[in-house]
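Q: Please take a close look at the salt bridges here and describe them carefully, setting them beside the metal site and the nonpolar interior. I would like one connected account rather than a list.

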Amino acid sequence: MNFCSHCGQTVRFAIPEGDDRPRYLCDACGTIHYQNPRIVAGTLPVIGSKVLLCRRAISPRKGFWTLPAGYMENAETTVEAAARETREEACAEVAIHGLYTMINLPHINQVYMMFRADLEGGFDAGPESLEVALFEEHEIPWDELAFPTIERTLRHFYQDRRDGVYPLHISDITAEDRERYFGSA
Ligand SMILES: [Zn+2]
């Protein structure tokens, strides 16, 4: 950030009085520009024994497969965001169950919140998807998944499906985890 989004003057990066970390400060109008993690909300849509995946038409990771997910918008709930992303990327309606994986990515300031869902009706590729398809477990393109959060969510799902219970899984993906993931992809 170079300029204040409130008054347009130049900002500086420094620790505000009484704070413990640097922020973008505007001396002209006094605004402190706090920056906080972004939530990525999405679904794991299931129909029968199959899971719906989307092949990304956009960067990053264009051409790789993902579960429908994206940044939450202001004024919506996490469930609404997950349903909207599913509609946008897969042209699909879902009945959302509970929160299933919550994954912190502190090095890129994101939190993933993935919900289990039942696919209701048809699907098609939205503008951000090259194609959308249903996969049996043995058909999952493990080496062509877009993000480690997606791989982890799917691995939990198939393990839990064998066990017959779907608890909430909270975990972290570190910078090292990411390096390993993208290094081997
Ligand atoms: Zn300002």
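**Salt bridges and their surroundings**

A: Glu76, Arg84, Glu85 and Glu88 are joined to one another in a network of salt bridges. The model is a predicted one, and in total it contains 13 salt bridges.

Beyond that network, several individual pairs can be followed in detail. Asp20 and Arg21 bring their side chains together in a salt bridge, with an N to O distance of 3.1 Å. Asp20 counts as exposed because its relative accessible area of 58% lies over the 50% limit, whereas Arg21, at 46%, is classed as partly exposed.

A second pair consists of Glu137 and Arg162, whose closest N and O atoms are 3.1 Å apart in their salt bridge. This pair links distant parts of the chain, since Glu137 belongs to the loop between strand S10 (129-135) and helix H2 (148-163), while Arg162 sits in helix H2 itself, 25 residues apart from its partner. Glu137 is partly exposed, with a relative accessibility of 26%, and Arg162 is exposed, with a relative accessible area of 54%.

Helix H2 also holds a salt bridge of its own: the side chains of Glu151 and Arg155 meet at 3.0 Å, N to O. The two residues are four residues apart in helix H2, which corresponds to about one turn of the helix. Arg155 counts as partly exposed, its relative accessibility being 44%.

The same helix leads from the charged pairs to the nonpolar interior. The largest nonpolar core comprises 25 residues, and those with the most contacts inside it are Val51, Leu53, Leu67, Tyr112 and Leu154. Two or more residues of this core come from each of strand S4 (38-47), strand S5 (50-56), strand S8 (93-105), strand S9 (110-120), S10 and H2, and H2 gives the largest share, four residues. Val51 illustrates how these parts meet: neighbours within four places in sequence aside, its contacts include Leu44, Pro45 and Val46, then Leu67, then Ala133, Leu134 and Phe135, and finally Leu154, Phe157 and Tyr158. Apart from this core lies another, of eight residues, among them Ala90, Ala92, Val94 and Leu119. As a general tendency, nonpolar side chains in soluble globular proteins are buried together.

The metal site completes the picture. The zinc ion is coordinated by the SG atoms of Cys4, Cys7, Cys26 and Cys29, at 2.3 to 2.4 Å, and the spacing of these donor residues in sequence is C-x2-C-x18-C-x2-C. The angles among the four donor atoms run from 99 to 116 degrees, so the site meets the tetrahedral criterion, which asks that they lie between 85 and 135 degrees. For comparison, the ideal angle for four tetrahedral donors is 109.5 degrees. Cys26 is buried, with 3% relative accessibility, while Cys29 is partly exposed at 31%.

Finally, an unreviewed UniProt entry lists residues 36-158 as "domain: Nudix hydrolase". In the model this span is 20% helix and 43% strand, and its end C-alpha atoms lie 33 Å apart.

Technical notes: Residues numbered from 1 in each chain as written. Predicted model: local features only at pLDDT ≥ 70, side-chain atom pairs only at ≥ 80, totals over all residues. Heavy atoms only, no water. Salt bridge = Lys/Arg side-chain N within 4 Å of Asp/Glu carboxyl O. Buried < 20%, exposed > 50% of the residue type's maximum accessible area, 1.4 Å probe, protein only. Donors = N, O, S within 2.8 Å, 3.2 Å for Na, K, Ca; no water. Tetrahedral: all angles 85-135°; square planar, octahedral: opposite > 155°, others 65-115°. UniProt positions renumbered as here; feature names shortened; annotations may be inferred. Core = buried A, V, L, I, M, F, W, Y, C linked by side-chain atoms within 4.5 Å. Contact = heavy atoms within 4.5 Å.
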